[in-house]
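Visitor: I'd like to go through this one by asking how each label was earned. Can you show me the structure and take my questions as they come?

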Amino acid sequence: MAQAKYSTHLGMVDILPDEARKWQYLENLIREEAEKFNLEEIRTPIMEQTELIVRGLGQLTDIVSKEIFSFSRGDDNYVLRPELTAPVVRAYVQHHMAQRGGSQKLFYIGPMFRAERPQKGRQRQFHQFGAEVLGSDDPVADVEIIAFMVQIYKKIGITNTTLKLNSIGDPDSRNAYKKALKDHLKPNFDKLSEVSQKRYENNPLRILDSKEEEDQPFIKNAPVITDFLNEDSLRHYKQVKEYLADLDIPFEEDPYLVRGMDYYTQTAFELISPDLGSQDALAGGGRYDLLVEEIGGQPTPAVGFAAGMERLLIACEELGIQLGDEKKVDVYIVTLGDEARKWGVSKLPQLRDAGLSATMDYKGRSMKAQMKDANRENAKYALIVGGNELEEGKFTLRNMKESEEKSLSFEEILEKLSN
Ligand code: HAM
């Protein structure tokens with residue numbers, strides 16, 4: 001086949017109809033579960049102000065320093081949103097959502113953009129679903145967020161996952177830990193990777209996330225943050241673990257789990273799958289008790305997570321889990337002659353009004369070709385009509401799977417199929 005003149009950008013993919021059916025199934029499932037968890041949907045623009053994302057996520061994070069798609073128009077600076085926590089917080093502050101009363105329990109589904117090096121499970125335009133609870137510092141909120149996340153995978157049948165859990169404490173605990181970590185790394189500073197050396201001063205926690213070979217010996221015996229948590233942070237973390245145990249949600253504590261954005265406080269977690277290869281994080285999240293204030297709102301504790309939809313689909317593929325049904329249509333009207341074709345066009349709306357999906361040939365093809373097309377469309381029934389049928393008012397309804405035919409009036413057909 002000739003090469004197309006135009007194609008998608010690197011790391012951005014089209015979702016074609018066969019694939020889109022899986023997405024629809026998944027999105028419906030997420031919405032249904034969100035409803036059960038009393039989460040309300042929020043939709044924000046694809047573009048945000050650069051300043052919001054820089055302030056929200058942190059200047060020195062990989063996302064902000066390397067992966068942002070940005071451009072300007074006049075005096076305005078735009079970025080394609082790399083995630084939705086900062087935008088949701090922006091909306092919360094902008095629309096005074098606290099005034100709606102109670103905690104705001106929100107979920108979202110949509111595309112995000114990060115200019116990463118594409119590979120399996122890593123794209124430049126990808127999709128997340130996620131949830132955020134704003135206005136509660138109660139460990140119950142953390143656990144509800146985790147329970148919602150875990151529930152989606154359970155419903156789909158992806159059970160081979162590991163929930164990694166950590167607490168990175170409040171700023172006081174974290175500062176004490178940062179100092180201890182730096183003291184530990186200092187004697188071997190020269191042996192650290194270049195990236196880690198860069199992170200040493202401003203973002204030492206991220207060194208724990210390093211995949212570089214030369215950093216591993218120093219990460220392995222580094223002090224653990226949980227030894228530096230103050231009383232409040234420890235109590236919060238303990239309660240989260242207790243509630244998770246009560247809910248039979250298994251977790252593994254990982255004291256070296258740090259997340260990629262600067263806004264996190266206290267609880268941090270990731271859901272990992274062995275079926276994903278090197279991009280093994282299905283989802284991740286945590287608390288961000290200071291972010292609302294950071295971007296101009298009243299102090300408001302909050303917690304949330306986001307999950308990669310593409311990674312979820314890859315896991316399904318690996319595990320042989322089929323999402324949704326095959327393409328099908330209830331009725332395909334097969335016509336012979338102009339009158340029959342006219343009749344067919346006029347009956348399509350009545351079939352659809354009766355709740356059926358219905359289609360017919362758009363190309364004026366032979367009856368044989370139409371029957372073939374009905375098969376290709378995976379039609380349950382072919383409604384066959386020619387001159388004789390029109391005269392008698394009785395039409396042939398063919399059950400395609402059983403290869404059975406019945407002669408019925410149109411009303412009888414409607415009656416039969418809409419039951
Ligand atoms: P994150 O860990 O950056 O967190 O992203 C969450 C999930 O999005 C990842 O676990 C992964 O499944 C998916 N993901 C991230 N980048 C890509 C990519 N380039 N291609 C494909 N999938 C990707 C956040 O975004 C936070 N906003 C989560 C959060 C919500 N924290 C608190 N509330």
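Visitor: What is the bridge partner of Arg-398 in β16?

Guide: That's Glu-405. Keep in mind that we're looking at a predicted model.

Visitor: How do you know that β15 and β16 count as a pair?

Guide: Two strands pair if DSSP finds at least two bridges between them. Strand β15 (residues 395–399) is joined to β16 by 5 bridges, so the pair qualifies under that rule. The two strands run antiparallel.

Visitor: Which sheet do they belong to, and what is its strand order?

Guide: An open sheet of 5 strands, ordered β13-β12-β14-β15-β16, with mixed pairing.

Visitor: Why are β13 and β16 said to stand at the edges?

Guide: Each of them, β13 (358–360) and β16 (404–408), has a single partner strand, so one side of each has no neighbour in the sheet. From one strand to the next, the twist averages 25°.

Visitor: What makes α12 a helix that packs on this sheet?

Guide: Contact means heavy atoms within 4.5 Å, and helix α12 (residues 338–353) touches β12 (329–335), β13, β14 (379–385) and β15. Its direction makes about 165° with that of β13. Helix α13 (residues 367–376) packs on the sheet as well, touching β12, β14 and β15, and its direction makes about 175° with that of β12.

Visitor: How do you know that β2 and β4 pair in the other sheet?

Guide: The rule wants at least two bridges, and β2 and strand β4 (residues 76–80) have 3, in the antiparallel sense, so they pass. One example is Met-47, whose bridge partner in β4 is Leu-80. Helix α2 (residues 50–57) packs on this sheet, touching β2 and β4, with its direction at about 75° to that of β2.

Visitor: On to the ligand. What makes the spot by Gln-123 a polar contact?

Guide: The cut-off for a pair of N or O atoms is 3.5 Å. A polar backbone atom of Gln-123 is 2.8 Å from a nitrogen atom of the ligand, so it counts. A backbone N or O atom of Gly-308 lies 3.2 Å from a ligand oxygen atom, so that one counts too.

Visitor: How much of the ligand does the protein bury?

Guide: Taken alone, the ligand exposes 660 Å², and the protein buries 95% of that.

Visitor: Which residues come nearest, and which element gives the most to the shell?

Guide: Of the 27 residues around the ligand, Glu-83, Thr-85, Glu-116, Glu-132 and Tyr-264 come nearest. β10 gives the most to the shell, with 6 residues. By class, the shell has 11 nonpolar, 9 polar and 7 charged residues.

Visitor: What makes the Tyr-256 side chain and Ala-222 a polar contact?

Guide: The Tyr-256 side chain reaches the backbone oxygen of Ala-222 at 2.5 Å, and the limit is 3.5 Å, so the pair is inside it. Tyr-256 sits in the loop between β8 (252–253) and β9 (265–272). Its C-alpha is 7.6 Å from that of Asn-166, with their places 90 residues apart in sequence.

Visitor: Where do His-96 and Gln-266 sit, and what are their phi values?

Guide: His-96 is in the loop between α4 (85–94) and β5 (104–113), with phi near 45°. Gln-266 is in strand β9 and has a positive phi of about 55° although it is not a glycine.

Notes:
Residues numbered from 1 in each chain as written. Predicted model: local features only at pLDDT ≥ 70, side-chain atom pairs only at ≥ 80, totals over all residues. Heavy atoms only, no water. Near = heavy atom within 4 Å. Polar contact = N/O pair within 3.5 Å; in protein donor to acceptor, adjacent residues only side chain to side chain. Areas by Shrake-Rupley, 256 points an atom, 1.4 Å probe, with all protein chains shown as cover. Helix = DSSP H or I, 4+ residues; strand = E, 2+ residues; numbered from the N terminus. Nonpolar A, V, L, I, M, F, W, Y, C, P; charged D, E, K, R; others polar. Axes fitted to C-alpha atoms, helices over the stretch in contact; angles between N-to-C directions.
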